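Welcome! Take a moment to turn the model around on your screen, and then let us walk through some of its helices and its core together.

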Amino acid sequence: MEKIGEVQKHATRGIFFISGFGAATWAPLVPVLRERLNIGEDILGMLLLCIGLGSLFMMPIAGSLSARIGCRKFLTGASILLVVLLLALCKLPTLQTVIPAIIIFGAIMGGIDVVMNIQAIIVEKALKKRIMSGTHALWSVGGFAGAGLFGVWVGMLGLTPFQSTLIAAVIMLIILAKCSKYLLSYGGEKSGQLIAIPRGIVIFIGIVSLISFLVEGAIMDWSGVFLTVTKGFDISKAGAGFATFSAAMVLMRFLGDNLVQALGQKLIVLGGCVVAFTGFMLLIFADSQILMYAGFFLIGIGSANIVPVFYSLLGKQKVMPVNMAVPAMSTLGYLGGLMGPASIGFVAHLTSLYTSFAMLAGLIILQIFIASYIYRQI
């Protein structure tokens, strides 16, 4: 096994950036795909569901694959395939060709998500210092950069979606070329188990992750509706809530490693839950715009480091090997991301968005109790 140092840490952050950049490059291609195939919202919704299905198929087996071939081979091969698929999805002419490509695209994204976190946990454990929060921050930076550059290339320079995606692909491949050789040649313990099924304390860690991803997905998809329909904001400010939440997440994740080192992970998690709960109370009960934005900011600040801290905690539990625990936790978290928007909409349809957001606040209280139990066990 190779010696792990700062260069492996930077390589890990590079892969997180590539993943976020790739996801942001895909997002603006969705309306382009809809227009090229001339499909309605119902068919488009099923296509997007195929991404989730692909991810849910790959995530539970990605850990065993990383143990067999190593993080380097998996992440390098998957990142190259991700680039190829992004370019292909700009050109594929029929629904019959797009469906398998999108399923594979979702599988690749899910696999990268699992294995890059396995890499991060191994590197953090070897370095004996916190890197997880800053590493996750690089995913968000990649997302912001990808979304912003696509707007510049298409909106200001007049490039076609394929041309802008091609530029993004080149950027991703250049970063990958710099990082690939410093990724780990191994990826956890080899075992006869193929599918990661959570057990013991990993189940509870996965539930904490599920709640965090559910909250994040709900804020992403419903914050605009909450501000404009429920609170009466102008439509031009529909994206302000999620933008404030995202900015707070990135800021806190860049600060997170030092804060966890100084204050301890338990205080960061439990205190973060209290801060996020306070943010939801502001959203539900406050009327001024400033307090609304403060609410989204507090939710972002409080939520930012919960998932990174619990990924780190997987390196300390003894119930499952790391390369099995990470996909188990990731799969549960991803289920939360898929469930969030739909469950919020269902509850809002039966009652109101106020009730839906109150439900999210209640889940954060539940998160406090589960997290407290986890810390008593580990």
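At what angle do helix H2 (residues 29–37) and helix H3 (residues 41–69) pack, and how far apart are their axes? In this predicted model, the angle is about 130 degrees, and the axes of H2 and H3 are 11 Å apart. H2 is therefore oblique to H3, because an angle counts as roughly antiparallel when it is over 145 degrees and as roughly perpendicular from 65 to 115. The crossing of H2 and H3 is right-handed. If you would like to find the meeting place, look for Val30, Leu33, Arg34 and Leu37 on the H2 side, which meet Glu41, Leu44, Leu47 and Leu48 of H3. Sorted by class, the residues of this contact are six nonpolar, no polar and two charged.

A second pair of helices is worth a visit. Helix H1 (residues 6–26) packs with H5 at an angle of about 155 degrees, and their axes are 10 Å apart. H1 is therefore roughly antiparallel to H5. Their crossing is left-handed. On the H1 side the contact includes Glu6, Lys9, Phe16 and Trp26, while H5 brings residues including Ile102, Phe105, Met109 and Ile112. Here the classes come to 12 nonpolar, five polar and two charged residues.

Here are the two pairs side by side:

| Helix pair | Angle | Distance between axes |
|---|---|---|
| H2 and H3 | about 130 degrees | 11 Å |
| H1 and H5 | about 155 degrees | 10 Å |

Now for the core. The largest nonpolar core has 122 residues, and those touching the most other members are Trp26, Leu75, Ile102, Phe105, Phe280, Phe310 and Leu314. Helix H5 (residues 95–127) gives the most to this core, with 17 residues.

Trp26 is a good place to zoom in. Setting aside neighbours within four places in sequence, Trp26 is in contact with Leu33, Leu48, Ile51, Leu86, Leu89, Ile102 and Phe105. Two of these names may sound familiar: Leu33 of H2 and Leu48 of H3 appeared in the contact between those helices.

Another residue to find is Leu82, which lies in helix H4 (residues 71–89). Is Leu82 buried or exposed? Its relative accessibility is 0%, so Leu82 counts as buried. Not counting residues up to four places away in sequence, Leu82 touches Phe105, Ile108, Met109, Ile112 and Met172. Take Ile112 as an example: Leu82 and Ile112 are 30 residues apart in sequence, and their C-alpha atoms are 9.4 Å apart in space.

Conventions: Residues are numbered from 1 along each chain as its sequence is written. This is a predicted model: local features need pLDDT of at least 70, side-chain atom pairs count only at pLDDT 80 or more; totals for chains, interfaces and linings use all residues. Side-chain values use heavy atoms; hydrogens and water are left out. A nonpolar core is a set of buried Ala, Val, Leu, Ile, Met, Phe, Trp, Tyr and Cys residues joined through side-chain atoms within 4.5 Å. Buried means under 20% relative accessible area, exposed over 50%, partly exposed in between (1.4 Å probe, protein chains only). Helices (H or I, at least four residues) and strands (E, at least two) are DSSP runs, numbered from the N terminus. Contact means heavy atoms within 4.5 Å. Axes are lines fitted to C-alpha atoms, for helices over the stretch in contact, and angles run from 0 to 180 degrees between N-to-C directions. Angles under 35 degrees count as roughly parallel, over 145 as roughly antiparallel, 65 to 115 as roughly perpendicular and the rest as oblique. A crossing is left-handed if the near helix is turned anticlockwise from the far one by less than a right angle, and right-handed if clockwise. Ala, Val, Leu, Ile, Met, Phe, Trp, Tyr, Cys and Pro count as nonpolar, Asp, Glu, Lys and Arg as charged, and the others, Gly among them, as polar.
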